[in-house]
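Notebook open, coffee ready. Time to look a few things up.

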Amino acid sequence: MITGIKHIAIAVRDVNAALKKYEGLLGVKGVTRHEFEKARSSEAHFMLGGIQIQLCRSWDAAGRFARYIEEHRDEGVHHICYTTDDIESELAAAVSNGAVLKPCAACRVTGAHKHSEGWVAFLQDRLSGLETEFMQVYKPGEGPDAGPRTA
Ligand SMILES: [Zn+2]
């Protein structure tokens with residue numbers, strides 16, 4: 001079952017310039033900055049109305065956020081990450097309804113796999129032009145360094 005929205009990722013050309021607008025126009029505070037070596041992206045994360053917003057810039061022209069900007073000729077919402085209480089059954093249900101899983105751009109893994117905050121998976125299918133990510137957020141005791149996922 002989808003239980004909420006973990007984050008909304010927005011492709012930007014310049015994280016500092018974008019962040020300045022969010023801070024100025026929406027009063028955003030509590031920003032964390034990230035340089036993701038594996039995903040090759042620079043990001044600013046902050047909470048807005050209970051949902052995490054991620055401003056994301058690819059380091060390379062072939063990166064997924066750079067490609068988004070190229071395709072759309074503008075910045076915009078790249079993907080929505082939905083939280084689920086059971087990622088395997090979420091994926092099974094989507095696939096049984098015709099969805100195709102997509103390899104993770106950072107890990108090159110298709111299907112549910114570990115990220116820093118939870119198990120994640122991506123759909124090839126775009127929903128209204130947006131990529132879809134699922135995340136089963138780790139419970140206490142679980143984590144990227146803990147053992148294999150148990151249902
Ligand atoms: Zn991954």
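Leaving aside neighbours within four places in sequence, which residues is Ala 18 in contact with? I found Val 12 and Leu 55; contact here means that the C-beta atoms, placed from the backbone, lie within 7 Å.

A note to self on the source: I'm looking at a predicted model, where local features need pLDDT of at least 70, side-chain atom pairs count only at pLDDT 80 or more, and totals for chains, interfaces and linings use all residues. Numbering starts from 1 along each chain as its sequence is written.

Next, I checked where Ala 18 sits, and it is in helix α1, residues 15-26. Helices are DSSP runs of H or I with at least four residues, strands are E runs of at least two, and both are numbered from the N terminus.

Is Ala 18 buried or exposed? I put it down as partly exposed, because it has 19 C-beta neighbours inside 10 Å. The rule: 20 or more other C-beta atoms within 10 Å is buried, 12 or fewer is exposed, and partly exposed is in between, with C-beta atoms placed from the backbone.

I also looked up Cys 56, 38 residues along the chain from Ala 18, and their C-alpha atoms are 9.6 Å apart. Cys 56 belongs to β4, where it is the bridge partner of Glu 43.

Then I followed the strands. β3 and β4 (residues 51-58) are antiparallel and joined by eight bridges; strands pair if DSSP finds at least two bridges between them. Their hairpin has two residues between the strands, and Gly 49 has a positive phi near 60°.

β2 (residues 32-36) pairs with β3 (residues 41-48), also antiparallel, over five bridges. I saw Phe 36 opposite Ser 41 in β3.

Conventions. Contact = placed C-beta atoms within 7 Å.
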